[in-house]
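Reader: Could you pick one loop and go over its backbone with me, slowly? Then carry on from there to whatever else deserves a close look.

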Amino acid sequence: MPSQHIRGADIVARTLDAAGLTTIFTLSGNHIMPLFDAAIGTRLRLIHVRHEAAAVHMADAWGRLTGRCGIVWVSGGAGFTNAAAALCTAQAAESPLVLISGHAGIKEIGRGAFQELRQADMADPVTKASWTVQSCVELGTDLAKASSIAMSGRPGPVHLSMPFDLLEEHIEDRAELHPRADALAPRMLHLGADDARQIRDLLGSAARPLILAGPQLCHSGHLAPLAKLQAVLGVAVLPMESPRGINDPRLGAFAEILPKADLIVLLGKAHDFTLRFADAPFVQPACRFAVMDSEPDAVERVRREKGDRLAATAVADAGPALEALIAHAVAPHPNLAWLSEVIAATEYRPAAWDTLTAREPGKLHPVELCRALQQAFDRHPDAILVCDGGEIGQWPQATVTPARRVINGPAGSIGSSIPMAIAARAAAPSSPVIAVMGDGTFGFHMAEFDTAVRCNLPFVAVVGNDATWNAEHQIQLREYGPNRTHGCELLPSRYDLVAQALGGHGELVTSAADLPAALDRAIASGKPACVNVMIERVPAPVIRRNPA
Ligand SMILES: Cc1ncc(C[n+]2csc(CCOP(=O)(O)OP(=O)(O)O)c2C)c(N)n1
Ligand SMILES: [Mg+2]
């Protein structure tokens, strides 16, 4: 081929390389082998996995931790459908990623092509945008558009199918095939000065205001500005990224003071189930609202739900709105007693937890597990916490205070933590990564220990092993009675030996006294590790100062 010609797949690889999007989470397949070939000679690094959903979870965690778009390559057909299952986790967590799927050749569509499937239609409900590239000329510019959409407004996943024949096609090289760097960047919707002042004055006129920040502001990079906003306004700013919503154990006894608020400012935070739809008795009927959201539909939803109690609205991105509110702050809110009351409620944890121990021999109570975890985070302040899975996942969210964390998020999906931990290590190569998950959750992606060993991306999976799908078992106990529990039992399996068998480090822990040293050994091993901790089967905490 003459040198002035370029292959479609090379356009894709070079676009990613030029944009610095060089970490690719992928699993091979016929349709994307041109991309694998095109990666040779570029800076692209392929982290190739054992299940396509894991690649999406990795890109999701990567996006949340780096603030840059995660990139996934998967094959067409079943490779794509496996990957698609993980998109709703990233969508609900407002995490930017581009899923590139291989696809039957465009010339073969409708003719019974191998793995022919309406992939773009399938991904549509779980993405911000989803389409099939229509010509080789558009491969680079469509990719740039996909990245920009993923990063803009409320961030989220975008899916792009790239037909095999377009990736293989050779066309004359020319400048317009290669998008400029700014074509991949997000389009920002800033909060105007008038809107910022209006919200500020509204906050000042309320007696007991609260600011609730949505999932995208819970990602690394926004936490310091959120704390700053609270400091300059003297108004509590609460990050919300848990499907447990107002009962998120990270927010302590927040649900107890929420009904006292007379103004709730939703900063990129959806009016949804996590707030119990902000209805009484969770929120007082006279409470007013203000909304800043990049999506006009999200603003309209609050208007529909709350009518004339909606006191101010602005269509603006959450990140820039946060900065504008800080810039326009003048004096702290006069009701500092209210701020203290909110902080006291959200920081409240039952004193009994400090000394709680397990009743059953050979097992730990989850708070004992978390005590040792907190010590590990004290020793490694740069460590990243990944939390997942059912009842056990709630305990570290309540009690461990890492500088950076990734949780499965509002989708309430389990299973993502092993891939997310691997991606966290790739994003922060010198930081220990500790992922806490249930035994059920461990099973979803345990083969990714192989990926972590191969790619030298160590992390520690701490399994709270109660030999149960306990979150669902607890529902059965509560709703249907102790005689009607079934279908949620698991075995007390040796997941530590699974890690060992795949080339990692494994520890079995059956007493609280042994856990700190086991965690130390796991971190020091420099290998992907599993600390398999036998725990009691207890319900997750719902924190109240005055339990009913
Ligand atoms: C993908 C997915 N499948 C099923 C569920 C329902 N679910 C939520 S928690 C849970 C049990 C988790 O068990 P485990 O990981 O062992 O944690 P535990 O609750 O036992 O602490 C299940 C099945 C879900 N949320 N997401
Ligand atoms: Mg369990």
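Author: Let's fix one word to begin with: buried means under 20% relative accessible area, exposed means over 50%, and partly exposed is what falls in between, using a 1.4 Å probe and protein chains only. Bear in mind that this is a predicted model, where local features need pLDDT of at least 70, side-chain atom pairs count only at pLDDT 80 or more, and totals for chains, interfaces and linings use all residues. As for bookkeeping, residues are numbered from 1 along each chain as its sequence is written, chains are lettered from A and ligands numbered from 1 in the order in which they are written, and side-chain values use heavy atoms, leaving out hydrogens and water.

Now the loop. Phe277 sits between β11 and β12; strands here are DSSP E runs of at least two residues, helices are H or I runs of at least four, and both are numbered from the N terminus. Phe277 isn't a glycine, yet its phi is positive, about 60°. Ala278, in the loop between β11 and β12 too, also has a positive phi without being a glycine, about 50° in its case. What about their surroundings? Phe277 counts as partly exposed because its relative accessibility is 41%, while Ala278, with a relative accessible area of 2%, is buried. Further along, the peptide bond from Ala280 to Pro281 is cis, with omega near 5°. Pro281 belongs to that loop as well, which runs between β11 (263-267) and β12 (288-293).

Next, the metal. The magnesium ion (ligand 2) has Asp439 (OD), Asp466 (OD) and Thr468 (O) as its protein donors, lying 2.1 Å from it. Donors are N, O and S atoms within 2.8 Å of the metal (3.2 Å for Na, K and Ca), and sites may look incomplete since water is not among the atoms. Along the chain the donors follow the spacing D-x26-D-x1-T. Asp439, in helix α18 (residues 439-442), and Asp466, in the loop between β17 (460-465) and α20 (470-480), are 27 residues apart and link distant parts of the chain. Both Asp439 and Asp466 are buried.

Follow the chain into α20 and you'll find Asn470, Ala471, His473, Gln474 and Gln476 buried. Part of their cover comes from α16, where contact means heavy atoms within 4.5 Å. Just past α20, Gly481 has a positive phi of about 100°.

Helix α16 (residues 390-399) has another partner: its axis comes within 9 Å of that of α15 (residues 366-379), crossing at roughly 50°. Axes are lines fitted to C-alpha atoms, for helices over the stretch in contact, with angles from 0 to 180 degrees between N-to-C directions. So α15 is oblique to α16; under 35 degrees would be roughly parallel, over 145 roughly antiparallel, 65 to 115 roughly perpendicular, and the rest is oblique. From α15, Pro366, Val367, Leu369, Cys370, Leu373 and Gln374 make the contact, and from α16, Ile392, Trp395, Pro396 and Thr399. By class, that's eight nonpolar, two polar and no charged residues; Ala, Val, Leu, Ile, Met, Phe, Trp, Tyr, Cys and Pro count as nonpolar, Asp, Glu, Lys and Arg as charged, and the others, Gly among them, as polar.
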